[in-house]
Amino acid sequence: MKTHCFTRMLSVGSILADIRIEAPRVPERGGDVIGSAASISAGGGFNVLAAASRNGLKSAFAGRHGVGPFGDRIRADLAQENIAALLPPSPEGDSGFCLVLVEPDGERTFITSPGVEAELGERKLEDIPLEASDAVFISGYDLSYAALGPHIARWTASWRSETFLAIDPGPLVADIPDAVFRATLARADLFTLNRREGALLAGTDDLFAIAAFVRPRLSAKALLAIRDGAAGCFLFGAGLTETPVHVPAPPVRAVDTTGAGDAHTGALLAGLAAGLEAVAAAARANAAAALSVTRRGSATAPTSREVNAFLAAGRNPEAGQKDEPKATSTMKAPRETGENAMTPHLNRRTFHALFSGALGAGLLTIAGSRRAGAAATEITVLNWKGYGTDEAFALKAFAEATGVTVKHDYFNAEAEMLTKLRTNPGAYDVVLINSARTQQVQADGLIDPVDLNAVPNAKDLAPALRDHSNIWVDGKPYGVAWLWGMTALAVRSGKVSDAQSWAVFSDPKYAGRLALFDDSITQVGIGALLTNQDPNNPKDLKAVTTALKAMKPNVKLTWSSEDEWNKAFAADAFDISDYWSGAAARSIKIHKLPLDFIVPKEGAIGWLDTLAVPTSSTKKPAALQFINYMIDPKFYVTWATQSGAPASTNAAAMNALPADDLSHKIYKPEDLAKLKFMSALPDDRRQAFNDVWDEVKAYYAK
Amino acid sequence: MQLEANVPRAEASSSRQIPARRRWTTAALLAPAYGWLTLAVFLPLSAMLFFSFLKAAPFGARPLQLTLDNYLAFIRRPYLVGVAWTSIEIGLWTTGLSALIGLPAAIALARATRGRSQQVLFLLVVLPFWTNGLVRVFSWTMVLREGGVLDYALHLVAPTAPPVSLLYSFPAIVIGLVHAYLPYMILTCYLSAAAIDEAHIEAARSLGARTPVIFAKIVLPLCLPGLISGSILIFVPVIGSFMEPRILGGRVGVTMGTMIEDQFVQAFNWPLGAALAFTMLGVVLVIFAVSSRVLPARVIAQ
């Protein structure tokens, strides 16, 4: 049996200098912007080398580097990471550089100016002094270059069989010439890619489909790792059964995912080199990638010491695995002799322990998941009536896919949801919670933190919503961001055309034509917007009260449910109201009501609804399955196109909507800046808001 | 209690063994009802009474803090006085209208109908009891709104009249409540009216009294017990009602009932809600006390 025992990693991947500039925006043609921070550092192929080196694997750079300021910078950075440069500086010119413009929301824009690293020059790959104990890392960038790719393919064919070949195809995976792809994959010992890149290959992001596409092209002994963002990674390969092994990642708050893949690959190689089994090495790689996404920049891989500390702190679900002591032990020195342990494989005992452990914890989630169990499970969802979870098509599809049937109980006010949760422990498995209330519910011990790894679709959630500070307490998410929207102005088309401000609520033109949502937080929020205050914490409640009281001549009624709103609007009881964006879409689409939805100039009150799991639930795995289905683009697109829905937190789902969908009209990108998201309110402020609204309502009634 | 006290005294003269057995029988017959009342009324009510003296509802990890603050609500929140007055006004209007409509109906039912026709008329009276309250209220919204049944009917008669919309107004609340509570008034007044001895009225007539005098001097005073107990039966729940004011009242439908409901389901301030409810209970008890002085002893016994 062939064993891999490598003690050094070589990379031929191009290293450029990254000139990173943080700018408020990309300048328009002919324009200029002032950057806020700038740095120059080695980039490109440097990140994997640095990750491997920091994790205890001796690493060497076998590519070209030039003479000049950028070449100097690269050599200095390599030296600092203890990475040897095997070639002398190329005298023909300098290394290339890449201009990276980073906008405040993290979006990056690149301009690349190639240098000596892009040319073959006098370099012959065959001249690189390869040793039997070397691992060579090749990226998709190298393979996709027209001249370099075939060259590398020929080169790998000439190696001794002991040389370990690791390939990460990167985002250019589809651009690699087919012959090069086939030749190198057949030779590869480790093929690691992320799920999106896998989807580019297989045409679907289904793990089984990706594996079915890649594995026939790999040799039988090769290990395939599919990285899946926050969900960790899935391993396929020799010694592992047909079922992929899911290695979950520890939950962290991502701030910048740049370089996470490189950190993963570097740490995975370092772990394998240290003699860890594939699963244990992948667990470390997950931890390294998790740490890297908590840092800004590209070469953000942690050192093995940081990974150890992170794992020892018990934040890795794998750390508790009794059968995987290596995952928590400190790194061992690379072994000198080849042993079976070096081969990336899992023995049966470890596999079963992992499998059952993961299943028990509800962690093992495989895309295109099979039935959760033969026994019929019934879960109860507590939600507003007619708010997505009770769509008949969804319940049918979900029951067919999982065997889990879903029952419902409803509430008519958020506080009623609280009352029901508090007074009926054990009755509910999934509950809809407005993120503004999450911390209150969490403080009462009514909901559990959610393991996002058990919700595979969570990887596509917009980070700004998934990681919203409303939901997270002590580094754990107490709910999965599901839908967002806003409370803005709904007016009768044709009858009201001049409403651009909340001030229309007290415009004498519309006496007796206003309906208000009977909710203290919303109304105080509107009063605060009208008086230029923070809707979450208005300092001057007297001014808010006055502004709300001024609406009295206009107020016809207060409403408390969408159904009530639709009936009253259809009966022509009012022309203007504060209304929910999603409900507005449904009113237009289903009830054919003539309304315009407007975000006033003072701003609208944004909200983010989450699905959470009550602490008292006895069917948590099924609950998480249901939550996962609820954020699935397939469900969302059907719901949104058939009935109308608030905006999904899942970016993939929003993109999947038809171009002429009403949602594109209601959720206009330019309005996003005007949104004031509701946040958690302390009890005393909530009571103060309620007192204001009660007083105002009493005044209306006089 | 009254009953238990009476039984032995009544039986004491005949035998000494039967009373013991009767007492057990009486206790056995009473136990389920009073046990149920203890569980269903006394326990939750005393829990609510306890809550009303707390600073925050005792759920989750909150510490218990006793306070009297909640009972100062009417001083701290002066607008509540106005709300309470609105509730009492709604109660007075509803009770008054019910009496005005119910008393003549009851007298007519008791004195001028017989047999089958009386049965059918009674059935019609209690019909509101058989319909779901929410259905009843929502059907009123269809009648009262602009373009609704009432508006339509009016314009059939007078096409030039301005549009009529009673929905979301004080009268709408009273209309909905009168509909719901009128049967109480008719039933209590019927009992009184049916008990009037025909001989009294014949005697008055033979002495030359005309109908208005008979009504004022004989029928009305004799119907008074029914009128008063009907009024109490109506007034008490009406000042605590919240469904009709909320749905039919729109903007003006803010009553103690809706305020208390808000405290429970919106603000989750159970203590304040409980305190408001007990304050209203106090008002109700005062009304009982006053009415028991007004009523003759005979009426109370009845």
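## Close-up views of chains A and B

**View 1. Strand 4 (residues 58-61) and strand 5 of chain A form a parallel pair, joined over three bridges.** The model shown here and in the following views is predicted. Within this pairing, A:Phe61 has A:Ala85 of strand 5 of chain A standing opposite. Both strands belong to an open sheet of chain A in which nine strands follow the order 5-4-1-8-9-10-11-12-13, with mixed pairing. The edges of the sheet are taken by strand 5 (83-85) and strand 13 (245-247) of chain A, each of which pairs on one side only. From one strand to the next, the twist averages 20 degrees.

**View 2. Helix 7 (residues 207-214) of chain A lies across three strands of chain A, namely strand 10 (190-194), strand 11 (223-227) and strand 12 (233-237).** The helix runs at about 145 degrees to strand 11 of chain A. In the order of the nine-stranded open sheet, strands 10, 11 and 12 of chain A follow one another, with strand 13 after them.

**View 3. A second view of chain A shows an open sheet of four strands in the order 3-2-6-7, with mixed pairing.** Strand 3 (37-44) and strand 7 (108-113) of chain A are the edge strands, each pairing on one side only. Neighbouring strands of this sheet are turned against each other by 20 degrees on average, when direction is ignored. Strand 2 (residues 15-22) of chain A pairs with strand 3 of chain A in the antiparallel sense, over eight bridges, and A:Glu22 has A:Ala37, in strand 3 of chain A, as its bridge partner. Helix 1 (residues 46-54) of chain A packs on this sheet and touches strand 2 and strand 3 of chain A, its direction making about 80 degrees with that of strand 3.

**View 4. A:Asp77 is placed in helix 2 (residues 69-80) of chain A.** With a relative accessible area of 8%, A:Asp77 is buried, because it falls under the 20% limit. Apart from its neighbours within four places in sequence, A:Asp77 is in contact with A:Ser41, A:Ala42 and A:Phe46.

**View 5. A:Asn82 and A:Lys592 are two loop residues of chain A with positive phi values.** Most residues other than glycine have a negative phi. A:Asn82, with phi near 60 degrees, lies in the loop between helix 2 and strand 5 of chain A, and counts as exposed at 63% relative accessibility. A:Lys592, with phi near 55 degrees, lies in the loop between helix 20 (581-589) and strand 24 (595-598) of chain A, and counts as exposed at 64% relative accessibility.

**View 6. A nonpolar patch on the surface of chain B is formed by B:Val120, B:Leu121, B:Leu123, B:Leu124, B:Leu127, B:Phe129 and B:Trp130.** Together, these residues have about 670 Å² of accessible area. One of them, B:Val120, is placed in helix 5 (residues 115-130) of chain B and is partly exposed, with a relative accessible area of 46%. As a setting for the patch, the secondary structure of chain B comes to 14 helices and zero strands, and 39% of its 302 residues count as buried. Chain B exposes about 17,100 Å², of which carbon and sulfur atoms supply 71%. Among the contacts in chain B with a separation of 6 or more, 64% are accounted for by residues 24 or more positions apart.

Notes
Residues numbered from 1 in each chain as written. Chains lettered and ligands numbered in written order. Predicted model: local features only at pLDDT ≥ 70, side-chain atom pairs only at ≥ 80, totals over all residues. Heavy atoms only, no water. Patch = residues over 30% accessible without salt bridge, like charges linked within 9 Å, V, L, I, M, F, W, Y side chains within 5 Å. Areas by Shrake-Rupley, 256 points an atom, 1.4 Å probe, with all protein chains shown as cover. Salt bridge = Lys/Arg side-chain N within 4 Å of Asp/Glu carboxyl O. Helix = DSSP H or I, 4+ residues; strand = E, 2+ residues; numbered from the N terminus. Buried < 20%, exposed > 50% of the residue type's maximum accessible area, 1.4 Å probe, protein only. Pairing = 2+ DSSP bridges. Axes fitted to C-alpha atoms, helices over the stretch in contact; angles between N-to-C directions. Contact = heavy atoms within 4.5 Å.
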